[in-house]
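Good morning, everyone, and thank you for making time for this. Before I say anything, please take a moment to look at the sequence and the model on the screen.

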Amino acid sequence: MAMYHPGLAKFLETYGIVVIVVAMMIGLTIMEPMVFLTPTNLTNIIKQNASAALLALGMFVVVVTAGIDLSVGSVMALAMITLAVANRAELPWPVVIVVGPLVGIACGLVNGIGLTWLKLPHPFIMTLGTLNIARGLSNIVSGGAPISGLQPEVRFLGTALIPFSATDPTIGLPASAILVAVSAIGLAYFLHRTSVGRHIYAIGGNPQAARVSGISVDRVLVLVYALCGFFTGLAALLLAGRTNSGFPNAGIGAELDAIAAVIIGGASFFGGRGTVLGVLAGVLIIGLLRNGLNLLDVAVFWQQILIGLVIIAAVYMDVLRRRAAVRT
Amino acid sequence: MAEAGGNGSGYLLEARGITKYFGAVTALRDVNFHLLRGEVLGVVGDNGAGKSTLMKILSGLYQPSSGELLFEGGPAAFTSPRDARGKGIEMVYQDFALAGNMPIYENIYLGREPGLRLPGLTIVDRARSRAMAQAHLDKLKIHVKSVDQNVEDLSGGQRQAVAIARSTAFDARIVIMDEPTAALAIKEVGKVLDLIKGLKDHGVGVILISHRMDDIFYVCDRVMALFQGTNFAEAPLKDTSRNEVIGWIMGAKGHREALAHDKV
Amino acid sequence: MKKHLLVGTIVGILGVASAAQAETILLNMKGPGAGNPFWAAVEAGAKEKAAELGVDLVVMSPPQESDVQAQIAQIEDQLAKGVNAIALAPTDPNALAPLVDAAKAKNVPVVFVDTKGINDGVTFIGTNNEEGAKLAADHICNSVEKGSDVAILQGIITQSTGQARADGSKAGLAACGMNIVAEQPADWDRAKAQSVMENILTGNPNLKAVFASNDNMALGAIEAIKAAGKLEQIMVVGFDANPDAATSILAGEMAASVAQNPKNMGALGVENALKLLKGEKIDPVIDTGTLLVTKDNAAQYQ
């Protein structure tokens with residue numbers, strides 16, 4: 001005698017992912033009581049996942065339009081290397097900081113304009129191309145070797161901590177967390193409360209509907225990919241700060257993690273669905289998995305297997321939801 | 001009630017000598033017609049007769065190779081769908097062209113969201129949008145559980161109703177409907193046709209492309225036929241019959257018993 | 001009865017206390033032991049030594065040698081868990097540098113294993129690549145007459161390993177009077193080495209010997225030399241002594257290679273990390289040793 005609770009179903013659909021995150025944290029606290037819930041570990045989790053969170057936010061906007069951006073890892077490397085080169089050329093630190101997001105936006109524009117202008121059948125193709133181009137450029141610009149040593153102001157966002165107490169300056173809220181929070185809130189506002197944000201969802205839901213409503217789909221797509229590039233550039237800035245370098249192997253595979261976080265967080269691969277909160281939860285789920293398995297000294301291959309299973313489960317739930325929607 | 005509009009010719013919309021070439025292909029040749037305010041004009045024709053080309057010209061997607069359009073008595077050129085929409089010509093599509101993942105009220109105002117206008121984007125006023133949508137649906141006597149329902153959760157008939165509501169949300173003068181009941185279940189067709197009749201009461205001119213005689217004979221005031229890209233026949237509904245209209249589609253004029261469905 | 005209880009409790013407390021005293025050392029390698037005999041040997045050497053010395057050993061590595069962030073996260077998490085010392089083969093010396101500094105600031109001693117980091121004052125335990133390359137050069141010197149044409153295939157010259165092997169071999173060959181006709185990079189890659197070798201052969205018909213900075217390149221060079229029908233007159237020496245090279249040496253195609261001692265790296269890594277924990281001083285560079293591998297001992301490396 002199953003009772004249909006439309007309220008519960010809606011709640012789970014929107015906030016179910018947060019429930020999972022909380023459940024994971026409780027589980028990990030039980031398994032590693034001495035370490036998991038400590039300020040050091042929690043701070044670590046934030047530091048380790050901040051740039052991944054920004055990449056995921058950028059990927060999310062693209063996925064909402066039923067698109068994909070395979071180039072984010074390589075673009076992040078290119079942005080890191082470029083800002084490291086700018087730093088080495090002793091440019092003033094505000095310029096170096098701005099270089100990161102600028103390179104990201106430029107690559108995003110290449111993606112968006114290339115995709116729409118060349119009328120390519122799918123962004124997979126365009127961004128696969130830019131993935132390789134950006135990686136090659138990273139190697140050329142860097143000469144194949146990492147560039148170390150950034151000005152402290154440039155490193156600030158990647159490393160700074162706002163200490164909780166004066167006694168221990170190593171424990172506090174990372175500046176990167178604030179950057180991620182501000183980005184997430186800003187993006188959520190843009191997507192849910194502005195016309196262009198709504199158009200992005202409409203394009204994902206039915207591009208024809210967007211077109212007949214007078215929306216310039218091409219223009220919005222260029223904006224979307226540029227926005228993704230912007231977040232990628234921010235992620236590059238964070239990672240450069242954290243590692244005090246730009247290194248050519250940065251971000252290999254990062255695009256796949258970003259896609260995983262977005263999908264696990266509830267966005268539909270087919271576009272038109274998902275929330276910023278879900279994306280952050282997706283990043284956290286992957287981050288908690290990794291952190292938990294690190295603390296339990298589990299080999300990193302199990303992490304890969306588990307993350308793979310979680311992705312499949314998340315997409316399967318999306319499939320079930322779509323089937324249920326069709327039936328009504 | 002059909003009434004004469006504007007000055008001069010008195011027509012809401014008039015097309016004179018509309019011709020359209022696509023390279024070597026002549027899609028339309030010297031097409032003429034007119035539409036009065038509050039009138040429902042049925043347009044019939046076989047595939048390739050030129051109906052959708054004509055509608056695309058009226059809705060601004062194409063420009064005619066030659067000929068002229070007069071809108072409310074004055075010359076008109078619709079340079080783009082946005083332009084045509086802005087002047088009061090809207091289209092309702094066979095597959096609704098709605099974003100299923102978004103609620104009714106957002107679909108109705110998609111691209112024209114009410115709110116604070118800034119350069120480049122609008123801060124949407126969701127409360128106002130909801131209220132306007134509800135009022136508009138009430139005016140058209142469309143019943144849905146809530147304007148917050150996602151369009152994908154609606155039935156086919158309800159979706160078409162929302163599409164029609166979208167086309168009339170901004171004081172459209174003319175609504176062009178391309179096979180509006182083709183994708184609907186039988187029991188939903190009647191409701192949509194009544195909705196179309198309701199538009200007449202609000203003075204909207206409707207152009208209805210359809211191949212369903214039942215629909216045409218229920219809701220239209222006049223019917224015209226295109227054949228091979230040009231005018232073939234036209235008559236007020238009371239002066240013609242189903243069989244004759246079917247004959248027009250096939251390129252035959254006059255009453256032909258032989259063309260009745262059960263005899264063809 | 002009470003006496004037994006008391007003794008038992010004391011033993012129990014001592015036991016717990018001594019268990020709590022066992023140091024935990026983290027060995028974090030560039031790449032996983034699974035599928036890579038080099039890292040598997042490092043791991044094995046470390047585990048053996050850890051058991052011998054009675055320390056707890058945690059072995060971790062990122063899934064790929066390029067996954068810098070995974071390595072950083074692993075080390076951070078282990079530091080949070082309170083690991084006492086770290087033996088590290090960094091995926092990227094620059095990117096890991098801030099973390100090494102952070103560990104040192106927390107009084108967690110660090111040693112570099114196999115790959116040298118950039119942090120000052122941190123001991124490097126690994127192959128002296130220059131010495132190893134000299135071994136190879138000397139072998140060529142002993143086998144070929146003075147003044148012969150020889151060539152050097154370099155690795156990625158911007159990497160310290162590449163630079164060191166290039167320098168060591170050049171110095172050794174020049175010292176015994178060889179005529180170095182070509183020094184070309186082939187980036188550790190087999191196919192590239194084959195192409196580069198073909199070009200060198202075209203311009204140098206009297207070539208007598210080639211030193212390739214790693215076995216991959218040596219095997220590629222051998223292909224080119226075979227195709228030119230010159231395998232009898234040109235000796236090829238590689239570096240690494242991996243199983244493919246060992247097979248090639250036993251088959252008489254490659255002349256020799258230079259073996260590193262990854263097991264030693266693991267063992268010395270653990271041993272020296274523990275020494276630092278105990279407050280002892282250790283050398284800034286510890287050579288884990290290189291060995292010339294020829295037909296006589298190649299079978300051990302298959």
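I will talk about chain B as a whole, and then turn to two individual residues in the other chains.

Please keep in mind throughout that what you see is a predicted model. Starting with chain B, the secondary structure consists of eight helices together with 12 strands. The radius of gyration of this chain is 19 Å, close to the 18 Å that the globule rule gives for 264 residues, so chain B is as compact as a globular protein of that length. If you follow its C-alpha trace along the principal axes, the spans are about 55 × 40 × 35 Å. Of the 264 residues in chain B, 43% count as buried, and among the contacts between residues at least 6 apart in sequence, 67% join residues at least 24 apart.

Now to the backbone, where a general remark helps: most residues other than glycine have a negative phi. Against that background, A:Lys119, which is not a glycine, has a positive phi of about 50°. This lysine sits in the loop of chain A that runs between helix 4 (93-117) and helix 5 (123-142).

In chain C, C:Asp187 is likewise a residue other than glycine with a positive phi, near 50°, and its place is the loop between strand 7 (179-185) and helix 7 (190-203).

Which of these positions is buried, and which is exposed? A:Lys119 is exposed, with 7 other C-beta atoms within 10 Å, whereas C:Asp187 has 20 C-beta neighbours inside 10 Å and therefore counts as buried.

How values were computed:
Residues are numbered from 1 along each chain as its sequence is written. Chains are lettered from A and ligands numbered from 1 in the order in which they are written. This is a predicted model: local features need pLDDT of at least 70, side-chain atom pairs count only at pLDDT 80 or more; totals for chains, interfaces and linings use all residues. Helices (H or I, at least four residues) and strands (E, at least two) are DSSP runs, numbered from the N terminus. The radius of gyration is taken over C-alpha atoms; the globule rule is 2.2 Å times the number of residues to the power 0.38. A residue is buried if 20 or more other C-beta atoms lie within 10 Å of its own, exposed if 12 or fewer, and partly exposed in between; C-beta atoms are placed from the backbone. Two residues are in contact if their C-beta atoms, placed from the backbone, lie within 7 Å.
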